[in-house]
Amino acid sequence: MTIREVTKEDFNSLYKLWKTVGLWLYPIEEEKPRFDNMLTFNSSLCLVLADEGKKVIGSILGAFDGRTVSIHRLAVHPDYQERGYGARLVKELEDRAGKQGIKKIAGQIHVSNLKVLGFYEKQGFRRDDTITVVKRLEG
């Protein structure tokens with residue numbers, strides 16, 4: 001298994017992976033420009049895990065806002081889960097962030113996906129008292 005930076009050409013494979021694992025997604029026509037923007041601003045922190053045949057089986061997208069790297073789209077195909085691949089993706093993101101002098105990584109877990117909380121805790125993450133508020137801007 002190889003971890004490498006995401007390319008724009010990976011989008012269709014990643015979108016399929018994200019749907020397979022049940023991540024909450026925007027419709028594909030909205031998700032694609034968001035994905036492209038993520039790569040434009042954070043390419044070195046957006047990673048895929050690929051098998052020897054170069055099939056994408058995992059992902060983690062890191063977004064740096066000047067203080068913190070936020071984890072987005074952490075996913076491993078169900079056929080490859082429970083083998084340490086998710087932990088490898090998180091560790092690679094941590095290493096890359098550390099080399100850039102970044103001191104904090106955070107993840108948000110959708111309430112429909114609380115089963116992954118234990119995974120994050122095993123990676124050294126802890127819960128905090130933050131509540132995310134969101135407002136969608138139309139136009």
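**Figure 1. Lys32 and Asp36 stand 4 residues apart in helix 2, a separation of about one helical turn.** In this predicted model, the two side chains join in a salt bridge, with an N to O distance of 2.7 Å. Helix 2 itself covers residues 28-42. Lys32 has a relative accessible area of 27% and is therefore partly exposed. Asp36, in contrast, has a relative accessibility of 19%, so this residue counts as buried, the limit for that class being under 20%. The pair thus links a partly exposed lysine to a buried aspartate. Lys32 also belongs to the contact that helix 2 makes with helix 1, shown in the next view.

**Figure 2. Helix 1 and helix 2 cross at roughly 120 degrees.** Helix 1 is formed by residues 11-21 and helix 2 by residues 28-42, and their axes come within 11 Å. Because angles of 65 to 115 degrees count as roughly perpendicular and those over 145 as roughly antiparallel, the two helices are classed as oblique to each other. The crossing is right-handed. On the side of helix 1, the contact involves Phe11, Asn12, Leu14, Tyr15 and Trp18; helix 2 contributes Ile28, Glu31, Lys32 and Phe35. By residue class, the contact contains 6 nonpolar, 1 polar and 2 charged residues.

**Figure 3. A salt bridge joins Asp95 and Lys91 within helix 3.** The closest N and O atoms of this pair are 2.7 Å apart. Helix 3 runs over residues 85-99, and the two partners are 4 residues apart in it, about one turn of the helix. Asp95 is partly exposed, at 30% relative accessibility. Lys91 is likewise partly exposed, with a relative accessible area of 46%.

**Figure 4. Glu121 and Arg127 pair through their side chains in a salt bridge.** The N to O distance is 3.8 Å, and the criterion for a salt bridge is a separation within 4 Å. Glu121 is partly exposed, its relative accessible area being 41%. Arg127 has a relative accessible area of 59% and is exposed.

**Figure 5. Glu5, Glu92 and Arg96 form a network of salt bridges.** The network links two glutamates, Glu5 and Glu92, with one arginine, Arg96. For the model, the count of salt bridges comes to 9.

**Figure 6. Lys54 and Arg73 have positive phi values although neither is a glycine.** For Lys54, phi is about 70 degrees. Lys54 is placed in the loop between strand 2 (46-50) and strand 3 (56-64). With a relative accessible area of 69%, Lys54 is exposed. For Arg73, phi is about 55 degrees. Arg73 lies in a strand, namely strand 4, which covers residues 69-76.

**Figure 7. Ser59 is a buried residue of strand 3.** Its relative accessible area is 0%. The C-alpha atom of Ser59 is separated by 5.3 Å from that of Ala75, which lies 16 residues away along the chain. Leaving aside residues up to four places away in sequence, Ser59 touches Leu14, Leu17, Trp18, Leu47, Val48, Arg73, Leu74, Ala75 and Leu89. Among these neighbours, Leu14 and Trp18 also take part in the contact of helix 1 with helix 2. Another of the neighbours is Arg73, the strand 4 residue with a positive phi.

Key
Residues are numbered from 1 along each chain as its sequence is written. This is a predicted model: local features need pLDDT of at least 70, side-chain atom pairs count only at pLDDT 80 or more; totals for chains, interfaces and linings use all residues. Side-chain values use heavy atoms; hydrogens and water are left out. Axes are lines fitted to C-alpha atoms, for helices over the stretch in contact, and angles run from 0 to 180 degrees between N-to-C directions. Angles under 35 degrees count as roughly parallel, over 145 as roughly antiparallel, 65 to 115 as roughly perpendicular and the rest as oblique. A crossing is left-handed if the near helix is turned anticlockwise from the far one by less than a right angle, and right-handed if clockwise. Contact means heavy atoms within 4.5 Å. Ala, Val, Leu, Ile, Met, Phe, Trp, Tyr, Cys and Pro count as nonpolar, Asp, Glu, Lys and Arg as charged, and the others, Gly among them, as polar. Buried means under 20% relative accessible area, exposed over 50%, partly exposed in between (1.4 Å probe, protein chains only).
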